Amino acid sequence: MEDINLDEISGTIIAFPLVNVPAARTKQHSFPYDKWVWWSQLNNLNRAWPGKTDGNITEAITHRIFNDYILKSDAVISFHSTNTAHYSEADISSKESRKLCLDFGRIPQVRFAEINDSLSFKAPLLHGIPAILVEWAPLREINHRVIGEGVIGLNNILISMKMKKGEMNKIKDQFIIDWTKRKPIEQIASVEDGVMVREKPWGCHLKKGDIIGRVCDLYKYREIQKVVSPREGILWSTGPAPSNQSTFFMHTDAVCKGECIAEIISFDEHIINKNGDNWENKLYFP
Ligand SMILES: [Zn+2]
């Protein structure tokens, strides 16, 4: 918001730096937080749209924002942080949302999926308002390189919506995944207890045979496994497994025999933007 020059734009930008204040104060993903369930539909703010006045605190918050601000908007961007590769996502049914996802332009992995109606980037669409999700790694941290990339992406959206003049500044490579028809995620397991040494960042483009990392033994730090990509795709995560829980509960490079240490997703379409930048692929290299 500090970078916006009001003389250069037309229209209005509404930003909510922080919505779930009780959750932030209690250092929780969700609030009220009365169960050991991360993905509870009852209290996850991203799954409580459009909210209601007689619901819980989370639904009261979303109801207010939805009715007072989102319904008056022409487009919505829901910014998140994640413990796997960066991606942008839109409901596959909306051409306008799919275009915004591609025009954001700073993340290689672009997903088109069937999104649940109660999500922050689907509920507006049911009122004809295009909306997208942006997921950046790492989870729960302020990362200035990531924020810098996000500012460029927002600027691209302003240009795409004709709120600002100028040229969009996209990255060279974008990979589209049709999530409704995607192939199963390829998983690689550790052959022995050890330490995972990563050589590729999350979200990077992998060719068949690329070395993702190595597993070294716990006593002499000798290489005991080369972690090799079995196919072309995008590196979704590296250990420890399971990726959707690793950062919530524990983040360590120690791995156990049989544990999933790398996940690779296939893509359907590779878009090359001729004048695009190289992706800043060291945004998060754990
Ligand atoms: Zn999210």
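Me: Is β3 largely enclosed by the rest of the structure, or left open?

Reply: Start with a caution: this is a predicted model. To judge a strand, count its buried residues. A residue is buried if 20 or more other C-beta atoms lie within 10 Å of its own. In β3, 4 of the 5 residues are buried, so the strand is largely enclosed by the rest of the structure.

Me: Which strands make up the open sheet of 6 strands, and in what order?

Reply: Read a sheet from one edge to the other. Here the order is β1-β4-β2-β3-β5-β14, and the pairing is mixed. The edges are β1 (76–81) and β14 (269–272). Each has a single partner strand, so one side of each is left without a neighbour in the sheet. From one strand to the next, the twist averages 20 degrees.

Me: How many bridges join β3 to β5, and how do the two strands run?

Reply: Look at the bridges, then at the direction. Strand β3 (residues 109–113) and strand β5 (residues 173–178) are joined by 4 bridges and run parallel. Check two positions. Gln-109 stands opposite Phe-175 in β5. Arg-111 stands opposite Ile-177 in β5.

Me: What joins β2 to β3?

Reply: Here too, count bridges. There are 4 between β2 and β3, and these strands run parallel. One pair to find is Ala-90 with its bridge partner Phe-112 in β3.

Me: Which hand does the unit of β2, α3 and β3 have?

Reply: Follow the path from strand to helix to strand. With the strands pointing away from the viewer, a clockwise path over the helix is right-handed. β2, α3 and β3 make a right-handed β-α-β unit.

Me: Where does helix α3 lie?

Reply: Find the strands that the helix crosses. Helix α3 (residues 95–104) lies across β2 (87–91), β3, β4 (131–136) and β5. Its angle to β2 is about 170 degrees.

Me: What is the order of the open sheet of 4 strands?

Reply: Again, go edge to edge. The order is β6-β13-β11-β8, with antiparallel pairing. β6 (186–189) and β8 (205–206) are the edge strands, and each pairs on one side only. Over 4 bridges, β6 pairs with strand β13 (residues 260–265) in the antiparallel sense. Within that pair, Gln-187 stands opposite Glu-263 in β13.

Me: Which residues have the most contacts inside the largest nonpolar core?

Reply: Look for the residues that link up with many others. In the largest nonpolar core, of 49 residues, those with the most contacts are Ile-132, Ile-234 and Leu-235. β4 gives the largest share, 5 residues. Domain 1 (21–179) and domain 2 (186–267) both give residues to this core, so it lies between them. Now take Ile-132. Leaving out residues up to four places away in sequence, its contacts include Ile-77, Ala-90, Leu-100, Phe-104 and Phe-121.

Me: Why does Asp-178 count as partly exposed?

Reply: Count its neighbours. Asp-178 has 13 C-beta neighbours inside 10 Å, so it counts as partly exposed. This residue is in strand β5. Leaving out residues up to four places away in sequence, Asp-178 touches Phe-112 and Asp-268. Sequence distance is a separate matter. Asp-178 and Ser-266 are 88 residues apart along the chain, yet their C-alpha atoms are separated by 9.7 Å.

Terms used. Residues are numbered from 1 along each chain as its sequence is written. This is a predicted model: local features need pLDDT of at least 70, side-chain atom pairs count only at pLDDT 80 or more; totals for chains, interfaces and linings use all residues. Two strands pair if DSSP finds at least two bridges between them. Axes are lines fitted to C-alpha atoms, for helices over the stretch in contact, and angles run from 0 to 180 degrees between N-to-C directions. Two residues are in contact if their C-beta atoms, placed from the backbone, lie within 7 Å. A residue is buried if 20 or more other C-beta atoms lie within 10 Å of its own, exposed if 12 or fewer, and partly exposed in between; C-beta atoms are placed from the backbone. A nonpolar core is a set of buried Ala, Val, Leu, Ile, Met, Phe, Trp, Tyr and Cys residues joined through C-beta atoms within 7 Å. Domain bounds come from an automatic or database domain assignment.
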